[in-house]
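Here is a walk through one protein chain, element by element. Keep the structure open as you read.

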Amino acid sequence: MQALKINEYEAGQRLDKLLAKYLNLAPKSFLYKMMRKKNITLNGKKCDGSEKLAVGDEIKLFLAEETIGKFSQVKESGAESTAGKRRLDIIFEDSNILIVNKPSGVLSQKAKESDYSLVEEIINYLVESNHIRVEQLRTFRPSVCNRLDRNTSGLVVAGKSLAGLQIMSEVFKDRSIHKYYQCIVSGKIREKQVIAGFLKKDEAANQVSIYPVETEGSVPIMTEYVPLAGNDSYTLLAVTLITGRTHQIRAHLASIGHPIAGDYKYGKPSVNEAVKKKYHIRSQMLHSWKLVMPGLPAPMEALSGRTFEAPLPDAFQRMREGEGFQDL
């Protein structure tokens with residue numbers, strides 16, 4: 001017999017979902033049969049798998065150790081030594097979420113199995129700081145709630161608990177959370193503007209195109225920008241995503257003749273070469289700068305309306321000083 005005690009990280013999910021993670025090789029029919037026969041119980045009572053788990057609930061598995069071993073394949077936890085790896089730049093942390101300032105060059109999530117992404121960094125941190133035990137990763141894995149392109153820096157929110165992961169993923173999905181970026185673009189801009197267009201993604205090339213009118217397979221986009229500082233050659237912008245599409249800021253600004261400096265996918269080669277040579281900039285000057293929380297339900301209501309900001313990377317300051325930007 002084994003007993004599983006539900007903690008704050010696992011709470012909120014259905015019993016059958018948790019069992020399917022813990023006994024991940026067992027057929028679903030086996031799990032439901034064991035519940036019907038009371039070989040699996042919840043808080044000492046018969047269960048059917050639809051129950052929503054709460055902190056302190058106890059699941060008992062009246063199964064032979066050989067059976068549990070047969071139906072359990074322990075996957076790699078994702079936790080590994082962080083020796084020689086980058087440490088997290090934590091902006092905010094509570095029992096449900098972690099907000100970090102992701103550096104440029106780091107994947108938000110793995111693209112392939114051998115990758116080491118921000119998710120692995122977060123899991124390592126939580127394990128090493130005793131926020132979560134390695135064995136708990138069998139039934140709940142912390143993860144990011146929003147993603148940034150590899151070479152975009154700034155704020156990423158991760159769920160430490162299931163409630164945190166679910167609530168924050170939903171507000172990013174329904175766009176009730178307000179996201180603000182800063183970027184340095186080529187060209188002189190002096191007026192605040194809202195621009196609209198239509199974006200079409202080429203999945204195979206992971207690249208988008210912007211059109212002034214609707215075309216087959218395109219979706220409408222809107223982007224707002226406000227000039228903050230600049231000179232005759234470059235402008236620092238604050239950008240608000242009114243819609244949120246793949247590569248929207250990068251492609252939309254490039255489509256109006258103001259590509260982001262250092263953007264090798266949508267930018268201007270001569271501009272990229274100039275900032276690389278002068279300021280050692282090798283990636284797009286785009287930073288997820290500020291998040292403003294919407295009204296949030298329990299257990300995260302205390303974060304409702306709060307604002308979080310990530311300081312700009314050093315490259316922004318180097319370029320601003322080197323170009324002698326004037327505040328606008």
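Aspartate 202 faces glutamine 207 of strand β10. This is a predicted model. The aspartate belongs to strand β9, which covers residues 193-202. β10 covers residues 207-211, and five bridges tie it to β9 in an antiparallel run. Together β9 and β10 make a hairpin, with four residues between the two strands. One residue of that turn, asparagine 206, has a positive phi of about 50 degrees.

β9 also pairs with strand β11, residues 219-230. This pairing is antiparallel too, and it runs over seven bridges. Within it, glycine 197 stands opposite isoleucine 221 of β11. Strands of a sheet pair through backbone hydrogen bonds, in either a parallel or an antiparallel sense.

Now go to the start of the chain. An open sheet of three strands lies here, in the order β1-β3-β2, with antiparallel pairing. β1 (2-5) and β2 (40-42) are the edge strands. Each has a single partner strand, so one side of each lacks a neighbour in the sheet. On average, neighbouring strands of this sheet are turned by 15 degrees against each other, direction ignored. Strand β3 spans residues 58-61 and is joined to β2 by three bridges. Leucine 42 has isoleucine 59 in β3 as its bridge partner. Helix α1 packs on this sheet and touches β1, β2 and β3. The direction of α1 makes about 50 degrees with that of β3.

α1 has a helical partner as well. Two packed helices are described by the angle between their axes and the distance between those axes. For α1 (residues 15-22) and α2 (residues 28-36), the angle is about 120 degrees and the axes are 10 Å apart. That angle makes α1 oblique to α2. The crossing is right-handed. On the α1 side, Leu15, Asp16, Leu19 and Ala20 make the contact. On the α2 side, Leu31, Tyr32 and Met35 do so.

Next comes helix α4, residues 118-128. Is it enclosed, or is it left open? Of its 11 residues, 10 are buried, so the rest of the structure largely encloses it. Among the buried ones are Leu118, Ile122, Ile123, Tyr125 and Leu126. Glu120, Glu121 and Asn124 are buried too. The buried residues of α4 pack against four strands: β4 (90-93), β5 (97-102), β6 (143-144) and β7 (153-159). Just past the helix, asparagine 130 takes a positive phi of about 65 degrees.

Look now at serine 288, in strand β13 (residues 286-292). Its relative accessible area is 2%, so it counts as buried. Its contacts beyond four places in sequence include Leu148, Ser153, Gly154 and Leu155. Tyr180, Tyr181 and Ala310 also touch serine 288.

Step back to the chain as a whole. It holds eight helices and 15 strands. Of its 328 residues, 49% count as buried. The C-alpha trace spans about 75 × 45 × 40 Å along its principal axes. Among contacts between residues at least 6 apart in sequence, 65% join residues at least 24 apart.

How far can the model be trusted? The mean pLDDT is 92, and 96% of residues reach 70 or more. Among the elements, strand β14 (residues 307-309) has the highest mean, 98, and helix α3 (residues 65-70) the lowest, 86. Over residues 76-84, pLDDT stays under 50. The model has 21 contacts beyond four places in sequence for residues 76-84. Where pLDDT is low, the predicted coordinates should not be read in detail.

Key
Residues numbered from 1 in each chain as written. Predicted model: local features only at pLDDT ≥ 70, side-chain atom pairs only at ≥ 80, totals over all residues. Heavy atoms only, no water. Pairing = 2+ DSSP bridges. Buried < 20%, exposed > 50% of the residue type's maximum accessible area, 1.4 Å probe, protein only. Contact = heavy atoms within 4.5 Å. pLDDT = per-residue confidence, 0-100. Axes fitted to C-alpha atoms, helices over the stretch in contact; angles between N-to-C directions. Parallel < 35°, antiparallel > 145°, perpendicular 65-115°, else oblique. Left-handed = near helix turned anticlockwise from the far one by under 90°.
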